[in-house]
Amino acid sequence: MQVTETSAEGLKREFKITVPASEVEDRISRRLGEIGQAVRIPGFRPGKVPLPLLRKRYGPAVRHEVLESTVQGSSAEAMREQNLRPALPPRVEIVSADEGADLEYKMSVELLPDMPEPDFSNLGIERLIAEVPEEDVDRALERLAESQRKSEAVDRPAETGDILVVDFVGRIGDVEFPGGKGENVSIELGAGRFIPGFEEQLAGAKAGEDRALKVTFPADYGAPELAGKDAAFEVKVKEVRQRLPAAVDDALAEAVGLENLAELRQEVQQRMQRDYDSLARQRVKRELLDKLAERYDFPVPPGMVEMEFNTIWTQYEGEKEARKQMAARQAAGESGSAEGPIDAAALIAPEETALEGTSERSPASAEAEHPHPREHEPAIHHAIPHPGSATEPLDAAAIVAPEETALEGASDTEPAVLDQDEEKAKDEYRRIAERRVRLGLLLAEAGRANNITVTQEELNQALAQEARRHPGYERQVIDFYRKSPEAINNLRAPIFEEKVVDFILELAKPVERKVSPQELMSGAVAGEDGAPSEETV
């Protein structure tokens with residue numbers, strides 16, 4: 001085999017590789033001989049079929065098979081001989097493969113860069129520590145109690161805060177409009193969840209009473225065919241219910257499956273603390289990644305950047321399409337279907353659907369408002385067991401830190417970005433893709449140099465956690481992962497990344513600083529300049 005380098009530009013290399021015709025023919029003959037030992041042809045005993053007959057019958061297929069295996073084997077051997085560390089699988093272009101002639105092909109490959117030996121000991125980062133104040137626990141318990149409040153029927157006129165169970169029919173002119181009919185709909189007076197004027201006209205109503213309401217849909221109402229229109233509703237009040245007091249007591253704890261209030265309080269405090277600790281971890285990790293991105297700048301393989309950009313751009317377009325579909329569904333849901341069942345959202349104030357339930361959210365979990373696009377896709381990351389080996393090219397997605405994706409992805413897909421000029425978005429996402437690849441290479445190299453690996457026990461735990469995310473389909477999930485090495489590698493990648501980050505943080509020795517939960521959750525905590533980092537704009 002003869003290997004000749006024909007081009008060397010940056011991290012790209014091109015070679016001309018020639019395999020002698022005699023070597024190719026020897027491999028074909030050996031393969032035909034193997035077939036002759038197993039094949040049964042009438043008139044010949046096994047192993048006694050003449051080679052010319054085997055060549056005539058199986059020659060073309062065997063030649064194709066041998067050429068393919070020869071290219072694979074010789075390209076891998078060439079990379080080993082040249083001490084190349086490929087970033088991606090090489091691209092091959094056959095120049096000549098005629099029978100009786102040498103096999104000649106071109107091989108193009110992108111290499112991993114020579115990375116500087118990083119110094120993680122003086123990065124100057126800090127770890128924020130926030131403890132859960134007792135008053136925050138009190139408020140959380142109050143919200144929980146509010147969500148568990150019960151009600152009882154009362155025989156009196158409805159007051160603010162009462163719940164009315166009603167049937168209604170809405171018309172514009174004399175025509176019922178889609179979504180304007182409902183049965184046994186619960187309306188909390190004073191909650192402001194229905195269109196302006198609807199709840200107010202039900203004040204003082206009693207069970208069994210019929211009321212005629214006149215309202216005007218807001219000019220910016222989500223269903224264009226209703227926006228700005230006057231409508232009349234016939235409402236039958238079936239029941240008036242009074243909400244009982246929200247008590248924070250042992251009964252509340254029992255209602256959620258715990259023994260007493262003390263145990264409930266402890267559980268709430270621990271959950272909130274885990275949320276704060278998780279957010280603090282995200283922040284120190286983000287600061288670490290930002291510091292590494294600022295300090296280390298080296299060329300990255302263009303092919304890896306392009307792969308990562310394509311992934312980001314697919315997510316970007318998916319987010320745009322999802323927002324369009326969501327807007328269409330909301331409009332359709334609010335207007336309902338002429339023949340379908342009532343959708344009470346037709347009368348609910350549009351902003352309520354976005355805000356409803358936010359008070360039940362744990363403060364720290366507000367960071368989850370914009371989950372990164374990959375969180376719901378189980379087969380995105382393709383981890384490579386030994387990044388950078390000659391026979392195992394490095395996959396860009398394998399080394400993109402999932403949490404880096406989460407933190408950047410949240411801002412990368414904000415509405416303002418989704419609505420910006422497409423070319424500007426592409427430029428921004430290419431920059432982000434390059435940053436991610438560079439950071440990923442740096443983390444992968446740190447892990448390789450320090451013998452950081454993922455154990456089978458850690459993989460099993462990740463697999464069990466993934467299975468629990470799909471109740472009722474645990475066995476199918478486990479079977480899927482066990483049959484798919486690529487899927488298993490997707491589980492391995494974030495574990496590997498977290499272990500590398502832990503290793504670096506141990507060396508970096510972040511300075512701990514106590515802050516309030518509000519400071520922890522704010523965009524600019526004390527000691528920072530308040531400006532968002534370049535990667536989060």
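Lys509 is exposed, with a relative accessible area of 63%; here exposed means over 50% relative accessible area, buried means under 20%, and partly exposed lies in between, for a 1.4 Å probe and protein chains only. This residue sits in the loop between α13 (485-508) and β11 (511-514). Although Lys509 is not a glycine, its phi is positive, at about 50°. Helices (H or I, at least four residues) and strands (E, at least two) are DSSP runs, numbered from the N terminus.

The structure is a predicted model, in which local features need pLDDT of at least 70 and side-chain atom pairs count only at pLDDT 80 or more, while totals for chains, interfaces and linings use all residues. Residues are numbered from 1 along each chain as its sequence is written, and side-chain values use heavy atoms, with hydrogens and water left out. The pLDDT is the predictor's confidence in each residue, from 0 to 100. Its mean over the protein is 81, and 80% of the residues reach 70 or more. Over residues 332-416 the pLDDT is below 50, and this stretch has 195 contacts in the model beyond near neighbours in sequence; a contact means heavy atoms within 4.5 Å. Residues 524-537 also have a pLDDT below 50, with 23 contacts beyond near neighbours in sequence. Where pLDDT is low, the predicted coordinates should not be read in detail.

Taken as a whole, the protein contains 14 helices and 11 strands. Of its 537 residues, 39% are buried. Among the contacts with a separation of 6 or more, 73% are between residues 24 or more positions apart.

A good place to begin the tour is the start of the chain. Strand β1 (residues 2-9) and strand β2 (residues 12-19) run antiparallel and are joined by 7 bridges; two strands pair if DSSP finds at least two bridges between them. Together they form a hairpin with 2 residues between the strands, and Gly10 in the turn has a positive phi of about 60°. Across this pairing, Ser7 stands opposite Glu14 in β2, and Ala8 stands opposite Arg13 in β2.

The hairpin belongs to an open sheet of 4 strands with antiparallel pairing, in the order β1-β2-β4-β3. The edges are taken by β1 and β3 (91-96), each with a single partner strand, so one side of each is left without a neighbour in the sheet. Neighbouring strands of this sheet are turned by 20° against each other on average, direction ignored. Helix α2 packs on the sheet, touching β1, β2, β3 and β4 (103-110), and its direction makes about 50° with that of β4. For such angles, axes are lines fitted to C-alpha atoms, for helices over the stretch in contact, and angles run from 0 to 180 degrees between N-to-C directions.

One residue shows this packing in more detail. Ser75 is found in helix α2 and is buried, with a relative accessible area of 7%. Not counting residues up to four places away in sequence, Ser75 touches Ile17, Tyr105 and Met107.

The helix itself is not straight. At Tyr58 in α2 there is a kink of about 75°, shortly before the proline Pro60; the bend at a residue is the angle between axes fitted to the seven residues ending there and the seven starting there. Helix α2 (residues 51-81) spans only 35 Å between its end C-alpha atoms, whereas a straight helix of 31 residues would span 45 Å at 1.5 Å a residue. The expected span is 1.5 Å times one less than the number of residues. After the helix comes Asn83, in the loop between α2 and β3. Asn83 is not a glycine, yet it has a positive phi of about 55°. Asn83 is exposed, with a relative accessible area of 68%.

Further along the chain, strand β7 (residues 163-172) has 8 of its 10 residues buried, so it is largely enclosed by the rest of the structure. Strand β7 runs antiparallel to β8 (residues 175-188), joined to it by 8 bridges, and Val165 stands opposite Ser186 in β8. These two strands form a hairpin with 2 residues between them, where Gly173 in the turn has a positive phi of about 70°. Strand β7 also pairs with β10 in the antiparallel sense, over 9 bridges, with Val166 opposite Val237 in β10.
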